[in-house]
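Subject: A structure for you to look at

Hello,

Here is the structure I promised to pass on. Please open it alongside this message, and then read on for what turned up.

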Amino acid sequence: MRSAEDVLLLIDLQYDFMPGGALAVAHGDEVVPVANRLAQAFRNVVLTQDWHPAEHVSFAGNHAGRQPFETIALPYGEQVLWPTHCVQGTEGAALHRDLAVPHARAVIRKGHHANVDSYSAFLEADRTTPTGLAGYLRDLGVKRVYCCGLATDYCVAWSALDARAAGFETVMIEDASRAIDLNGSLATAWQQLSVAGVKRAQTAEVLSCAV
Ligand code: VGL
Ligand code: ZN
């Protein structure tokens, strides 16, 4: 069992990111049993849900003449336009039914502001609005954050970068995550993670407490 100073962050294990979903991540469903195994080793587990209003700024359908996977300039920077996904309260926004983490005590729902996206579980895309997760983890005495889920190169990577920036020792669990990989985004993410000092580990190393 990992120490109470460790938390496992399970990012966006929702139907819209699974094969057949609105923003399907290839082999995303393979992460669910791995996440379950990892979670058994952690006292502290936090889940996240991408959780958008229907009028969300990240949806291509809300921009006349725009297609999914194009980018637009928003006040806070460049925004990828996605297919409509994870609309609050829909089936696609629900957590995968095979996720077996009854001891998880917190679920962070992100991306709820219509005009701001939030890949990160810590800070919205304006890079200033906090979700409250850093304070929650500090209150619990957490020192190390282990990140995995969907998608490696968006919500998992951004969460890991922000965990590190918030002062936590941070580990990405590579084989417990799957990527979207849009225009080289996966390689870019691993580069940024490496520069930021986020460790890259495999599930077996985490379960054996090698990392
Ligand atoms: C995600 C794109 C849009 C993710 C969420 O979970 O990685 N990616 N919304
Ligand atoms: Zn989203």
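**What turned up**

T203 is buried, with a relative accessible area of 3%. This residue belongs to helix 5, which covers residues 203-207. Leaving out residues up to four places away in sequence, T203 touches V34, R37, L38, I173, D175 and A176. Please keep in mind throughout that this is a predicted model.

**The sheet**

How many strands form the open sheet, and in what order? There are 6 strands, arranged 5-2-1-6-7-8, and their pairing is parallel. Strand 5 (106-110) and strand 8 (199-201) stand at the edges with a single partner strand each, so one side of each has no neighbour in the sheet. On average, neighbouring strands are turned by 25° against each other, direction ignored.

At the strand 5 edge, strand 2 (residues 44-50) is joined to strand 5 by 5 bridges, and the two run parallel. Within this pair, D50 stands opposite K110 of strand 5. Helix 2 (residues 133-140) packs on the sheet, where it touches strand 1 (6-11), strand 2, strand 5 and strand 6 (144-150). The direction of helix 2 makes about 170° with that of strand 2.

**The zinc site**

D50 comes up again here. Which residues are the protein donors of the zinc ion (ligand 2)? They are D50 through OD, H52 through NE2 and H85 through NE2, at 2.0 to 2.2 Å from the ion. Along the chain, the donors follow the spacing D-x1-H-x32-H. D50 sits in strand 2 and H85 in the loop between strand 4 (77-80) and strand 5, so this pair, 35 residues apart, links distant parts of the chain. Both D50 and H85 are buried.

The angles among the 4 donor atoms of the zinc ion (ligand 2) run from 87 to 170°, and the site is irregular. Why irregular? Four donors count as tetrahedral only if all angles lie between 85 and 135 degrees, and as square planar if opposite donors are over 155 degrees apart and all others between 65 and 115; anything else is irregular.

C86 is also in the loop between strand 4 and strand 5. Phi of C86 is near 50°, a positive value in a residue other than glycine. C86 is buried, with a relative accessible area of 0%.

**Two covered helices**

Helix 3 (residues 152-165) lies across strand 1, strand 5, strand 6 and strand 7 (169-178), running at about 170° to strand 7. Helix 3 is mostly covered, with 10 of its 14 residues buried; among them are Y154, C155, V156 and A157. The buried residues of helix 3 pack against strand 1, strand 4, strand 5, strand 6, strand 7 and helix 4 (185-196).

Both ends of helix 3 have something to look at. The loop between strand 6 and helix 3 holds A151, and a cis peptide bond joins L150 and A151, with omega about -10°. After helix 3 comes G167, whose phi is positive, near 100°.

Helix 1 (residues 31-39) is mostly covered too: 7 of its 9 residues are buried, including V31, V32, V34 and L38. These buried residues of helix 1 pack against strand 1, strand 2, strand 6, strand 7 and helix 5. V34 and L38 are also among the contacts of T203.

**Two loop residues**

Is N183 buried or exposed? N183 is exposed, with a relative accessible area of 74%. Its place is in the loop between strand 7 and helix 4, and its phi is near 50°, positive in a residue other than glycine.

F69 lies in the loop between strand 2 and strand 3 (71-74). With a relative accessible area of 36%, F69 is partly exposed. Its contacts, neighbours within four places in sequence aside, are L23, V80, L81, W82, P83 and L182. Between the C-alpha atoms of F69 and V46, which are 23 residues apart along the chain, the separation is 29 Å.

**From the record**

The unreviewed UniProt entry carries the annotation "domain: Isochorismatase-like" for residues 7-197. In the model, the end C-alpha atoms of residues 7-197 lie 18 Å apart, and the span is 23% helix and 22% strand.

Best wishes

Terms used: Residues are numbered from 1 along each chain as its sequence is written. Chains are lettered from A and ligands numbered from 1 in the order in which they are written. This is a predicted model: local features need pLDDT of at least 70, side-chain atom pairs count only at pLDDT 80 or more; totals for chains, interfaces and linings use all residues. Side-chain values use heavy atoms; hydrogens and water are left out. Two strands pair if DSSP finds at least two bridges between them. Helices (H or I, at least four residues) and strands (E, at least two) are DSSP runs, numbered from the N terminus. Axes are lines fitted to C-alpha atoms, for helices over the stretch in contact, and angles run from 0 to 180 degrees between N-to-C directions. Contact means heavy atoms within 4.5 Å. UniProt positions are given in the numbering used here, feature names are shortened, and annotations may be inferred rather than shown by experiment. Donors are N, O and S atoms within 2.8 Å of the metal (3.2 Å for Na, K and Ca); water is not among the atoms, so sites may look incomplete. Four donors count as tetrahedral if all angles lie between 85 and 135 degrees; four count as square planar and six as octahedral if opposite donors are over 155 degrees apart and all others between 65 and 115; anything else is irregular. Buried means under 20% relative accessible area, exposed over 50%, partly exposed in between (1.4 Å probe, protein chains only).
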